[in-house]
Amino acid sequence: MPGQPRRGLVGGQRIDLLGQPLGGRHLGGQRPRRSGPEGRRAEATSIRTWQIGVVPGLLQTGEYARELMTSLGMPQAVEHKVDALVEVRLARQAVLTREHPLDLWAIVAEGALRTRCVGAGVMRDQLGRLLDRGRRSNVTVQVLPSDAPPHVGQMGSYSVLGFEDYADLDVVHVESLTAALYVEDGEQVGVYRDAFERLQAAALSPEESAERIEQIREEHGPR
């Protein structure tokens, strides 16, 4: 029904941060034309994402993504496709380096950066990737420190997909282990936008965040 959040079963795709079906919302006119996950992602000009437990998919290294995927207890039918899924995830990161790159603003909880991966050096390399991508003019990375007071982000991770001149088409994506929720109602999307602004204010500045990431990277030790 119009104005209601949309749920969609995600099956084997549940591991992908932004790769879930968005349904067949009618866009109309000269607005973004494609439907489905690939089309909507290709049309988005900006993504604002808050992640409480993992590094955003667009900023992941292959080894980090592989460990994350295999830790989810995927169905056997999907488990053998991990390498292919990792390749797909890495290929999607081209949106950050294309001629007209996507604008990404990522806020990540400090605890997510302190995850101890099984593979030697995996987390250290991942943090190095965050530092590298954060130097790009179209990518902003902030860290919400572990000692921050209670904040709205504790309610869970989410992403806001933006479409430049069509703010009324912004879509919020909220992911769980077995399903994805898509919020399209304008008033509700506005709540998520306001929450993101509060998270921006609570997080370390991009410069301070880079220093914190480098500090945590050193704590993870040599590769």
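**Exercise 1.** In this predicted model, work out how the axes of helix H2 (residues 62-70) and H6, which come within 8 Å and cross at roughly 125 degrees, should be described: as oblique or as roughly antiparallel?

*Solution.* Begin with the crossing angle of H2 and H6, which is roughly 125 degrees. Angles over 145 degrees count as roughly antiparallel and those from 65 to 115 as roughly perpendicular, and the angle found here therefore makes H2 oblique to H6. The handedness can then be added, for the crossing of H2 and H6 is left-handed. Turning to the residues, H2 contributes Glu-63, Tyr-64 and Glu-67 to the contact, while H6 contributes Val-122, Met-123 and Gln-126. Sorted by character, the residues of this contact between H2 and H6 comprise 3 nonpolar, 1 polar and 2 charged.

**Exercise 2.** Determine how helix H6 (residues 122-133) and helix H8 (residues 206-219) are oriented to each other, and which residues meet where they pack.

*Solution.* The first step is again the geometry: H6 and H8 pack at an angle of about 165 degrees, and their axes are 9 Å apart. Since angles over 145 degrees count as roughly antiparallel, H6 and H8 are therefore roughly antiparallel to each other. As for handedness, H6 passes H8 in a left-handed crossing. On the H6 side the residues are Arg-124, Leu-127, Gly-128, Leu-130 and Leu-131, and they meet Ala-210, Ile-213, Glu-214, Ile-216, Arg-217 and Glu-218 in H8. The last step is to sort the residues of the contact of H6 with H8, which gives 6 nonpolar, 1 polar and 4 charged.

Conventions:
Residues numbered from 1 in each chain as written. Predicted model: local features only at pLDDT ≥ 70, side-chain atom pairs only at ≥ 80, totals over all residues. Heavy atoms only, no water. Axes fitted to C-alpha atoms, helices over the stretch in contact; angles between N-to-C directions. Helix = DSSP H or I, 4+ residues; strand = E, 2+ residues; numbered from the N terminus. Parallel < 35°, antiparallel > 145°, perpendicular 65-115°, else oblique. Left-handed = near helix turned anticlockwise from the far one by under 90°. Contact = heavy atoms within 4.5 Å. Nonpolar A, V, L, I, M, F, W, Y, C, P; charged D, E, K, R; others polar.
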